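Please study the sequence and the structure shown below before attempting the exercises. Each exercise is followed by a worked solution.

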Amino acid sequence: MYRIFCESFRNYLGLFPKDAKRVEYRGAIALPLALLCDAALFDAEKESETERYRKISDLLYHMKQNVAKYPALKAFLWTLESRGFSGKRYGMVSSGDLEEQVKLVIMLLKLTYWEEAVS
């Protein structure tokens, strides 16, 4: 499941022109997810409490608090926690953006952006 998420995430980002990731809404809300694909980077940014870490922390907290609403994420959250990814609420991300990020995570896990789907 974790490998599917990471590979699908890379495929998703590949759909955007290089500079568009930061300015296009769908790309911008996806950028914090990159921390979930690199435990060392996640830990470094957690240590420094960077903005990007606080944003992904908000998402992890939101998903954990709403696991009944998003049952498809239960196993994924367990996988993330077993790898040391956990979150807390910083209030950096709007509820609307959190919902969009959750939708994206679910789509990534459902193979929407898996290599065969992108080709």
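Three exercises follow, and they concern a predicted model.

**Exercise 1.** Determine how Phe42 and Tyr53 are arranged as an aromatic pair, and which parts of the chain the pair ties together.

*Solution.* Begin with the geometry: the ring centres of Phe42 and Tyr53 are 5.5 Å apart, and the angle between the planes is 70°. Planes over 60 degrees apart count as edge-to-face, and the pair is therefore edge-to-face. Next, locate the residues: Phe42 belongs to helix α4 (residues 39-48) and Tyr53 to helix α5 (residues 51-65), so the pair links parts that are 11 residues apart in sequence. Then consider accessibility: Phe42 is buried at 1% relative accessible area, and Tyr53 is buried at 3%. Finally, widen the view: Phe42 and Tyr53 belong to one aromatic cluster with Tyr2, Phe85 and Tyr90. The structure holds 7 aromatic pairs.

**Exercise 2.** Decide whether Cys6 and Cys37 form a disulfide.

*Solution.* First, take the distance: the sulfur of Cys6 is 3.2 Å from that of Cys37, its closest cysteine sulfur. A disulfide requires sulfur atoms within 2.5 Å, so the two sulfurs are too far apart for a bond. Cys37 is likewise in no disulfide, and the whole structure contains 0 disulfides. As to accessibility, Cys6 is buried at 6%, whereas Cys37 is partly exposed at 23%.

**Exercise 3.** Describe the surroundings of Ser57.

*Solution.* Start with its position: Ser57 is found in helix α5. Its relative accessibility is 0%, which is under 20%, so Ser57 counts as buried. Lastly, list the contacts: leaving aside residues up to four places away in sequence, Ser57 touches Gly87, Lys88 and Tyr90.

Terms used: Residues are numbered from 1 along each chain as its sequence is written. This is a predicted model: local features need pLDDT of at least 70, side-chain atom pairs count only at pLDDT 80 or more; totals for chains, interfaces and linings use all residues. Side-chain values use heavy atoms; hydrogens and water are left out. Rings of Phe, Tyr and Trp (its six-membered ring) pair if their centres lie within 6.5 Å; planes under 30 degrees apart count as stacked, over 60 as edge-to-face and the rest as tilted. Helices (H or I, at least four residues) and strands (E, at least two) are DSSP runs, numbered from the N terminus. Buried means under 20% relative accessible area, exposed over 50%, partly exposed in between (1.4 Å probe, protein chains only). Contact means heavy atoms within 4.5 Å.
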